[in-house]
Amino acid sequence: MQVLKKKKINLKDLSPLRRKISGLNTVCTHARCPNISECFSKGHLTFMIAGSICTRNCLFCSVKTGDPDPLNSSEPLRVAKAAKRLKLKHAVLTSPTRDDIADGGAGHFTDTVRHLKNLNSRITVEVLIPDFKLDPGALKKVSLSGSEIVSHNMETVSRLYAIRPQASYERSISVLKKLREFNPALKTKSGFMLGLGETRQEVLRLMRDIFDTGCRMISIGQYLRPSKECVEVVKYVDENEFAEYKEEALNMGFRVVMSGAYVRSSYKSQEYLF
Ligand code: SF4
């Protein structure tokens with residue numbers, strides 16, 4: 001089986017940016033993103049708010065699982081200040097799943113968007129949210145937060161949802177649908193990985209289900225096993241196949257499609273704005 005080469009990470013290049021975000025988490029480091037050198041060198045990063053510990057344990061994910069600390073109420077403003085120091089024109093926020101909090105952390109997302117926009121009225125924001133257990137109050141909050149894009153990743157096809165033991169395919173599709181019910185003008189986005197054992201038919205079904213929610217932006221990337229505790233890669237998908245899925249998605253009516261081995265949901269996030 002062909003193995004995808006890991007991208008080289010030059011830690012020296014990352015130090016100046018890491019100093020500017022000191023005390024804050026990024027998903028770039030926690031998820032061991034292969035694009036970290038490229039993105040950090042351009043000042044692109046994804047803030048991981050609401051702690052770095054997840055209450056779930058998806059079998060492909062390197063984010064730590066356990067009992068998270070309570071939310072830090074100073075974090076939204078600190079994120080906004082860091083974004084200002086970095087002169088970010090576009091900020092991406094995500095969080096681990098926080099099933100231990102009543103609103104799943106939705107209020108923390110909206111507070112952070114508010115502070116970002118207060119400190120820089122021209123900044124655009126994408127929030128990449130967990131499923132909030134489909135709580136309508138939480139989904140309404142983020143859909144009306146003022147964030148230009150709200151994303152929720154499907155991650156994989158329906159048949160393989162056993163690798164997301166506390167999630168459900170139908171629930172995640174409903175999240176994408178509900179966001180636009182609360183705010184029909186909202187741009188929603190989703191993403192999924194290839195290489196976990198999915199078939200072409202299943203991928204097409206997944207894309208159709210996402211499209212039918214009103215979502216018009218997707219990212220498609222290769223699953224890369226982040227640690228030995230995670231499920232193995234079943235297949236390294238070649239670039240032609242990524243290109244074919246991109247074409248299928250565009251033909252279906254998606255407006256923006258990023259598809260390629262190293263594509264991750266927040267990769268080149270600002271290019272999704274249309
Ligand atoms: S819910 Fe998200 S952060 Fe938590 S384990 Fe699953 S993929 Fe990772």
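**Exercise 1. Find the strand order of the open sheet and its edges.**

Solution. Start with the ground rules. This is a predicted model, where local features need pLDDT of at least 70, side-chain atom pairs count only at pLDDT 80 or more, and totals for chains, interfaces and linings use all residues. Numbering starts from 1 along each chain as its sequence is written.

Step 1. Trace the order: 8 strands run E1-E2-E5-E6-E7-E8-E9-E10, with mixed pairing. Strands (E, at least two residues) and helices (H or I, at least four) are DSSP runs, numbered from the N terminus. Two strands pair if DSSP finds at least two bridges between them.

Step 2. Find the edges. E1 (25-26) and E10 (256-259) each have a single partner strand, so one side of each lacks a neighbour in the sheet.

Step 3. Check one pair. E8 (residues 187-194) and E9 are parallel over 6 bridges. Lys189 stands opposite Met217 in E9.

**Exercise 2. Describe how H5 packs on H6.**

Solution. Two packed helices are described by the angle between their axes and the distance between the axes.

Step 1. Read both values. H5 (residues 106-119) and H6 (residues 136-143) pack at about 10°, with axes 9 Å apart. Axes are lines fitted to C-alpha atoms, for helices over the stretch in contact; angles run from 0 to 180 degrees between N-to-C directions.

Step 2. Classify. H5 and H6 are therefore roughly parallel (angles under 35 degrees).

Step 3. List the contact. H5 gives Ala106, Gly107, Phe109 and Thr110; H6 gives Ala138, Lys141 and Val142. Contact means C-beta atoms, placed from the backbone, within 7 Å.

Step 4. Sort by class. The contact has 4 nonpolar, 2 polar and 1 charged residues. Nonpolar covers Ala, Val, Leu, Ile, Met, Phe, Trp, Tyr, Cys and Pro; charged covers Asp, Glu, Lys and Arg; the others, Gly among them, are polar.

Step 5. Place H5 on the sheet. H5 lies across E5 (90-94) and E6 (124-128), at about 165° to E6.

**Exercise 3. Decide whether Leu224 is buried or exposed.**

Solution. Step 1. Locate Leu224: the loop between E9 (217-222) and H9 (239-252).

Step 2. Count neighbours. Leu224 has 21 C-beta neighbours inside 10 Å, so Leu224 counts as buried. The cut-offs are 20 or more other C-beta atoms within 10 Å for buried, 12 or fewer for exposed, and partly exposed in between, with C-beta atoms placed from the backbone.

Step 3. Look across the fold. Met193 is 31 residues from Leu224 in sequence, yet 9.0 Å away, C-alpha to C-alpha.

Step 4. Set this against the chain. Of its 274 residues, 45% count as buried.

How values were computed:
Parallel < 35°, antiparallel > 145°, perpendicular 65-115°, else oblique. Contact = placed C-beta atoms within 7 Å.
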